[in-house]
Amino acid sequence: MARKKSSQLTDSEQNIMEVLWQKEQASVREITDILSQEKSTAYTTVQTMCKILSDKGYVDFHKEGKAFIYSPIVSRKDARKGALTSLLNKFFGGSPEVLAQHLMQETDIEMDDLAALQKEIDRADD
């Protein structure tokens with residue numbers, strides 16, 4: 001049975017999106033060169049991943065000569081929001097409270113971080 005296509009970013013897609021968010025637009029060659037600085041990356045892999053990102057609605061492209069130039073059409077903020085919503089629904093029953101309790105109980109969150117979060121909560125209540 002075929003696996004359901006996810007609208008969320010895979011790790012490889014996320015890496016490409018990080019390049020595009022930083023540069024605002026880039027060719028497949030430019031993306032490949034940047035990603036290859038960390039880990040050897042094949043041009044054809046990046047090309048395929050860019051097509052998938054286009055199909056998912058994360059990027060748009062235009063052609064310049066023989067090169068395809070990709071641009072993000074989903075902001076980093078909106079991508080984070082979508083990923084967080086998916087995480088909340090998948091693991092925490094859609095409850096931000098359950099996620100917050102989990103973070104407090106299961107991670108080494110610092111008191112300064114909790115104080116900063118409390119300030120944000122207090123500001124939101126005003």
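This passage describes the aromatic pairs and the surroundings of one serine in a predicted model.

Two aromatic pairs are present in the structure. One of them joins Phe 61 and Phe 68. The geometry of this pair is edge-to-face. The ring centres of Phe 61 and Phe 68 lie 5.5 Å apart, and their planes meet at 70°. That angle is over 60 degrees, so the pair of Phe 61 and Phe 68 counts as edge-to-face. The other pair brings together Phe 61 and Tyr 70. Here the centre-to-centre distance is 5.4 Å, with 45° between the planes. This arrangement is tilted. Phe 61 thus takes part in a pair with Phe 68 and in a pair with Tyr 70. Through these ring pairs, Phe 61, Phe 68 and Tyr 70 are linked into a cluster.

Accessibility was computed for each ring residue of the cluster. Phe 61 is partly exposed, at a relative accessible area of 37%. Phe 68 is also partly exposed, at 31%. Tyr 70, in contrast, is buried, because its relative accessibility is 6% and the buried class covers values under 20%.

Ser 71 belongs to strand β3, which spans residues 67-72. The relative accessible area of Ser 71 is 18%. This value falls under 20%, so Ser 71 counts as buried. Which residues does Ser 71 touch, leaving aside those up to four places away in sequence? The contacts of Ser 71 are Glu 24, Gln 25, Tyr 58, Val 59 and Asp 60.

Terms used: Residues are numbered from 1 along each chain as its sequence is written. This is a predicted model: local features need pLDDT of at least 70, side-chain atom pairs count only at pLDDT 80 or more; totals for chains, interfaces and linings use all residues. Side-chain values use heavy atoms; hydrogens and water are left out. Rings of Phe, Tyr and Trp (its six-membered ring) pair if their centres lie within 6.5 Å; planes under 30 degrees apart count as stacked, over 60 as edge-to-face and the rest as tilted. Buried means under 20% relative accessible area, exposed over 50%, partly exposed in between (1.4 Å probe, protein chains only). Helices (H or I, at least four residues) and strands (E, at least two) are DSSP runs, numbered from the N terminus. Contact means heavy atoms within 4.5 Å.
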